[in-house]
Amino acid sequence: MKKKIGLLFGGRSGEHEVSLVSAGNIAKSFDTELFEIVPLFISRSGNWYGPIPAEEIATAKEEQYADLQVILAAQPGGILLSAKDGHEICRLDAVFPIVHGTYGEDGVTQGLLELADIPYAGAGVTGSAVCMDKVVMRKILAYHNIPQVQFTTVLRSQIEQDMNAAIQAVESVLDYPVFIKPANGGSSVGINKAKDANELAEALRIAAKYDRKVLVEQGVTVREIEVSVMGNEQPMVSQPGEICSSNEFYDYKAKYVDNKSVAVIPANLPPETIVRIQELAVETYLALECEGFARVDFFVEEGTGNIYLNEVNSLPGFTDISMYPKMWEQAGISTTELLTRLIAYAEARHEDRKKNSIDC
Ligand SMILES: Nc1ncnc2c1ncn2[C@@H]1O[C@H](COP(=O)(O)OP(=O)(O)O)[C@@H](O)[C@H]1O
Ligand SMILES: [Mg+2]
């Protein structure tokens, strides 16, 4: 019997489109001898539809699927029900949630899958939430002495009440240029670089549109280095790759619009830097409670060679040109093999969790 894998994609975040491309690639790469894919589309408004034809994943639109609306029962069993009349559509053996950003990558979807008691690929509730919140992530990294740039936090309420005080608070700990980021975000949305107080004020206002908490970081001149990690308690790590951005920094345009940013795999780095980055990637992965898979992103400072942990993506892009699958391919692990392993890690975690007693 083939295992039924719910491929959950789309979603309510700004990264909806990227998810469609990632899911299209995943659907065509799964080993069809072992798995039957059940594509489940989450519209921008948050409704679920499926199973939709695999060849329509990349172009899925809510209007097409009125009759296919489904609900995942939030109780053990992994049962997918028709929203129309409540009849059972199928039981899912596992889910691959490739829903980037808010409501997908932040522990919310993972919580639903826990309630439904279905194994799912990638980090659990805690790991997902921690990787999504850049401020919480930085505090945990500090506890583990993982090198990172200097940072400070500003709340939206501070920005609204007294912008000058907010600017002074930043200037008292950081030098220009600084990077301003919503604590929860992705794809560089709401992120800006500021070279003076005026730019900082504008950037704080923009970031505060996306989140109550705003992270401000010391700007550094860097090379951007990424590694792929997979596994549960004993993760394995790929060779690093490098992103050479087409813009001043790796913003939304450089990521998805220009098509001019170049990936170099493996990155051309001194051997000792590679080893250090790989060690730090595994330490970080475990410290942040990642499971299954994640892409760990670093900065290597021009001139000094200092290594800084930038961020961890618990549901990295999975398109056929995305760094995560590409770095494994370079290591001789095809995307098909990778997906089979990610389902196995999901099942292993699910089995392990059953050992936890919930009795008093
Ligand atoms: N402290 C920093 N110094 C220099 N460049 C930065 C800094 N922080 C972010 N950047 C640039 O902005 C990009 C997006 O920031 P990042 O924190 O990775 O956000 P996202 O989660 O949206 O990818 C990075 O890839 C890098 O190009
Ligand atoms: Mg990033």
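**Exercise 1. Locate Tyr 103 among the secondary-structure elements and describe its backbone**.

Tyr 103 is placed in the loop between strand S7 (94-98) and helix H2 (108-115), where helices (H or I, at least four residues) and strands (E, at least two) are DSSP runs numbered from the N terminus. As for its backbone, phi of Tyr 103 is near 70°, a positive value in a residue other than glycine.

The model is predicted, and local features need pLDDT of at least 70, side-chain atom pairs count only at pLDDT 80 or more, while totals for chains, interfaces and linings use all residues. Residues are numbered from 1 along each chain as its sequence is written, and chains are lettered from A and ligands numbered from 1 in the order in which they are written.

**Exercise 2. Place the cis peptide bonds of Pro 51 and Pro 266**.

Begin with Pro 51, which a cis peptide bond with omega of about -10° joins to Gly 50; this proline sits in the loop between strand S3 (48-49) and strand S4 (69-72). Then take Pro 266, joined to Ile 265 by a cis peptide bond with omega of about -5°, and found in the loop between strand S15 (262-264) and helix H9 (271-287).

**Exercise 3. Describe how helix H6 and helix H7 meet**.

The axes (lines fitted to C-alpha atoms, for helices over the stretch in contact, with angles running from 0 to 180 degrees between N-to-C directions) of H6 (residues 163-171) and H7 (residues 197-210) come within 10 Å and cross at roughly 110°. H6 and H7 are therefore roughly perpendicular to each other, a term for angles of 65 to 115 degrees. The contact (C-beta atoms, placed from the backbone, within 7 Å) is made by Met 163, Ala 166, Ile 167 and Val 170 of H6 together with Ala 197, Leu 200, Ala 201 and Leu 204 of H7. By class, these residues are eight nonpolar, no polar and no charged, where Ala, Val, Leu, Ile, Met, Phe, Trp, Tyr, Cys and Pro count as nonpolar, Asp, Glu, Lys and Arg as charged, and the others, Gly among them, as polar.

**Exercise 4. Work out where ligand 1 lies relative to the domains**.

The protein chain is divided into domain 1 (3-120), domain 2 (150-218) and domain 3 (221-352), with bounds from an automatic or database domain assignment. Around ligand 1 there are 20 residues, the closest being Phe 179, Ser 188, Glu 217, Phe 249 and Tyr 250, and a residue counts as near if its C-beta atom, placed from the backbone, lies within 6 Å. Because domain 2 and domain 3 both give residues to this shell, ligand 1 lies between them.

Technical notes:
Parallel < 35°, antiparallel > 145°, perpendicular 65-115°, else oblique. Contact = placed C-beta atoms within 7 Å.
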